[in-house]
Amino acid sequence: MLYHLNEDGKMGAIFSNGILNSRRTEDRRIRAGILQDDILEAIITLPAGMFYATKVSVSVWILKRHKEDICRNKILFVDARSFGKSEGGITVLSEEELRELTQAYEQYQKGIDGEQKNFCRQVSAAEVEAEDYSLAPDRYILRQQKLPESEELKEQELRLERKLEELLAQNHDVLRQILKGL
């Protein structure tokens, strides 16, 4: 596809997420070449079920022969896997979600670093190289984890204590049976 792209050309291609981080030498070499030639603008991972032919999450790769100066040696990573809702057996993005995706890409093109936790981040090519040319967005996008509430932790602690008591009782029974057999 890149071979047929003209000098000012830009393209989007949809790929399985498996090649984002594949350890296969050929896949890694292709990712490295694309980065070294500085033609990768963005990787956008989409939610599962967006296409009738597959229910897995896929990625849109946006490639451009000659990037603008403000975009050189930078890649936009967008993780939209949490977007969308199922309608008639297919995942559909809302107008707001489409606007958010579009805005992230437009900010990148204008040189605006619009990093958002759990959603997008612009990354230098050097950082991607340091990650062995992995193009998996979750390597670069900061995750904001929700901490459990105090009551949830107490309930979990009680469940674990009960489970431990059950296991200790079972262990005691097994040990008693072993000793009887001696």
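Let's start with cavities: the count comes to 1 cavity of 30 Å³ or more. By cavity I mean a set of points on a 1 Å grid over the protein atoms alone where a 1.4 Å probe fits but cannot get out. The grid points are joined across faces, edges and corners, and a volume is the space filled by probe spheres set on the points. A word on the source: this is a predicted model, where local features need pLDDT of at least 70 and side-chain atom pairs count only at pLDDT 80 or more, while totals for chains, interfaces and linings use all residues. Residues are numbered from 1 along each chain as its sequence is written, and side-chain values use heavy atoms, with hydrogens and water left out.

Back to that cavity, then. The largest cavity holds about 30 Å³ of space. Its lining, meaning residues with an atom within 4 Å of a point, is made up of Leu76, Ala104, Gln107, Ile112, Asp113, Gly114, Glu115, Cys120, Arg121 and Gln122. Two elements, α2 (95–109) and β7 (120–124), give two or more residues each to this lining, and β7 gives the most, with 3 residues. Helices (H or I, at least four residues) and strands (E, at least two) are DSSP runs here, numbered from the N terminus. By character, the cavity lining divides into 4 nonpolar, 3 polar and 3 charged residues. In that split, Ala, Val, Leu, Ile, Met, Phe, Trp, Tyr, Cys and Pro count as nonpolar, Asp, Glu, Lys and Arg as charged, and the others, Gly among them, as polar.

Now for the pocket, which is an open set with protein on both sides within 12 Å along at least five of seven lines. About 210 Å³ of space lies in the largest pocket. Which elements each supply at least two residues of its lining? They are β1 (10–16), α1 (25–36) and β3 (58–64), with the largest share, 4 residues, coming from α1. Among the lining residues are Met1, Leu2, Phe15, Ile30 and Trp61, along with Asp27 and Arg31. This lining has 10 nonpolar, no polar and 2 charged residues.

On to salt bridges, where a side-chain nitrogen of Lys or Arg is within 4 Å of a carboxyl oxygen of Asp or Glu. The structure holds 14 of them. My pick is Asp132 with Arg28, whose closest N and O atoms are 2.6 Å apart. Asp132 sits in the loop between α3 (125–130) and α4, and Arg28 in helix α1, so this pair ties together parts that are 104 residues apart in sequence. Asp132 is partly exposed, at 32% relative accessibility; for that scale, buried is under 20% relative accessible area, exposed over 50%, and partly exposed in between (1.4 Å probe, protein chains only). Arg28 is partly exposed too, at 31%. Arg23, Arg28 and Asp132 are linked in a network of salt bridges. Elsewhere, Arg139 and Glu131 meet at 2.7 Å, N to O.

One more stop, on the backbone. Gly9, in the segment before β1, is buried at 8% relative accessibility. The C-alpha atoms of Gly9 and His66 are separated by 7.8 Å, with their positions 57 residues apart along the chain.

Thanks, everyone, and I'm happy to go back to any of these in the viewer.
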